[in-house]
Amino acid sequence: MGSILELTDVKNKLEDLSGVVLKPGENPYNALIEACHDDPAEIQALYAAHRIRRNAQQKDKFLDTNFKELIIDPYLLRLENPHIEPGFKDTRYCMTFWGRPPIHILELAGAIQEKLKQVAPDIWLMPQHRMHITTLELAFCRTAEEIEELKETLKPAIPTIASYSYLHRARLVKPMISYDLSAFAVSFLPAAGEPVVSPAPVAPDNAAVLKQGDSYSYHHLRKDIWDQAKGAGITVDSRYIVPSAHITLGRYLTHNDHATPEQRKKWVDTIDEINEWLETEVWGDPSSELIGEWIVGQERGFDVRVGNLWYGGGRTVLLGEGF
């Protein structure tokens with residue numbers, strides 16, 4: 001029998017720090033939109049408040065004189081180091097709708113990874129071909145049979161959901177590193193009137209796009225996808241509902257890079273420096289070599305995904321049309 005392992009979520013709960021209170025029984029994405037009076041600037045401000053507060057909270061943990069240890073993912077540790085438990089299998093099956101980053105966002109993520117690797121050479125980095133943003137998690141830690149049943153229930157709605165972003169285009173802007181004791185990511189904010197800097201859609205792009213500028217935000221997109229899933233007859237079972245739009249960049253698999261107070265301070269200082277660089281040299285700068293804006297669905301639609309999805313694994317049921 002294999003080891004009984006604990007999820008990192010147990011030790012590292014992702015709390016909603018925006019201050020929005022969800023209403024039982026309704027689409028959980030409605031609450032934030034209503035709290036923000038359906039205003040793009042207010043929605044962006046709440047997403048920003050969440051990530052700023054969380055980063056401050058996590059920075060305090062890294063610099064705490066009573067710091068004990070990082071939260072190392074025992075599943076990934078065994079997958080990356082087979083000698084720890086020969087024959088180990090990850091049996092956590094999931095189903096999600098992923099957004100896949102376009103090339104210019106992959107380039108940005110890669111540049112950030114390189115900067116982090118310089119100060120912490122032993123971190124585990126997410127391969128770029130596995131990078132994704134989880135627009136909606138439908139189920140997690142199920143059996144393969146349970147996920148198959150869920151997929152079959154959802155099957156008639158999958159083509160519409162997979163290509164939903166083709167007509168409903170939401171922008172993400174202002175990338176910044178978000179981090180905690182178990183992982184680090186590049187997070188984005190829903191756009192609110194910033195100049196468009198993304199590459200133009202690939203011609204021909206003759207779709208009658210159903211959007212109203214940034215008034216149709218990424219949070220609206222998530223709300224709509226939740227409604228689509230529920231309308232297909234399933235109960236959405238997500239681990240958390242927080243105002244976050246992020247791509248995981250990597251995780252910690254050893255304490256080597258963060259063993260001393262000096263190393264941990266260097267880590268958080270480097271993250272602060274990278275975030276300052278992103279804000280001053282990448283955000284909305286059309287002359288920047290790196291582009292910090294992502295219109296979800298560019299190049300590829302939603303990746304309807306099942307299987308062992310942690311760390312970017314699993315298989316595609318259907319990949320929607322991109323633009």
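At what angle do helix α5 and helix α10 pack, and how far apart are their axes? The legends below, which describe a predicted model, begin with this pair.

**View 1. Packing of helix α5 against helix α10.** In this predicted model, helix α5, made of residues 103-119, packs with helix α10, made of residues 261-281, at an angle of about 150°, and their axes are 10 Å apart. Angles over 145 degrees count as roughly antiparallel, and α5 and α10 are therefore described as roughly antiparallel to each other. The crossing that these two helices, α5 and α10, make is right-handed. On the α5 side the contact is made by L108, I112, K115, L116 and V119, while α10 contributes K266, W267, T270, I271, I274, W277 and L278. Sorted by class, the residues in this contact of α5 with α10 are 9 nonpolar, 1 polar and 2 charged.

**View 2. Packing of helix α3 against helix α10.** Two packed helices are described by the angle between their axes and by the distance between the axes. For helix α3, residues 40-63, and α10, the angle is about 155° and the axes lie 8 Å apart, which makes α3 roughly antiparallel to α10. The crossing of α3 and α10 is left-handed, whereas that of α5 and α10 is right-handed. From α3, the residues N55, K59, F62 and L63 take part in the contact, and from α10 the residues R264, K265, W267, V268, D272 and N275 do so. By class, the contact of α3 with α10 divides into 4 nonpolar, 2 polar and 4 charged residues.

**View 3. The largest nonpolar core and the surroundings of W267.** The largest nonpolar core holds 81 residues, and those with the most contacts inside it are I112, L116, L138 and W267. Helix α5 gives the most to this core, with 7 residues. When residues up to four places away in sequence are not counted, W267 touches F62, L116, V119, A120, I123, Y179, F184, Y252 and H258. W267 of α10 also appears among the contact residues in both helix pairs, the one with α5 and the one with α3.

**View 4. Backbone features at C141, K174 and P204.** Most residues other than glycine have a negative phi, and most peptide bonds are trans. C141, which lies in strand β3, residues 133-142, has a phi near 50°, a positive value in a residue other than glycine. K174, found in strand β4, residues 171-179, likewise has a positive phi, near 55°. C141 is partly exposed, with a relative accessible area of 34%, and K174 also counts as partly exposed, at 21% relative accessibility. The peptide bond from A203 to P204 is cis, with omega near -5°, and P204 lies in the loop between strand β5, residues 183-190, and helix α9, residues 218-231.

**View 5. D224 in helix α9 and its neighbours.** Is D224, a residue of helix α9, buried or exposed? Buried means under 20% relative accessible area, and D224, at 14% relative accessibility, therefore counts as buried. Leaving out residues up to four places away in sequence, D224 touches Y164, H168 and Y216.

How values were computed:
Residues numbered from 1 in each chain as written. Predicted model: local features only at pLDDT ≥ 70, side-chain atom pairs only at ≥ 80, totals over all residues. Heavy atoms only, no water. Axes fitted to C-alpha atoms, helices over the stretch in contact; angles between N-to-C directions. Helix = DSSP H or I, 4+ residues; strand = E, 2+ residues; numbered from the N terminus. Parallel < 35°, antiparallel > 145°, perpendicular 65-115°, else oblique. Left-handed = near helix turned anticlockwise from the far one by under 90°. Contact = heavy atoms within 4.5 Å. Nonpolar A, V, L, I, M, F, W, Y, C, P; charged D, E, K, R; others polar. Core = buried A, V, L, I, M, F, W, Y, C linked by side-chain atoms within 4.5 Å. Buried < 20%, exposed > 50% of the residue type's maximum accessible area, 1.4 Å probe, protein only.
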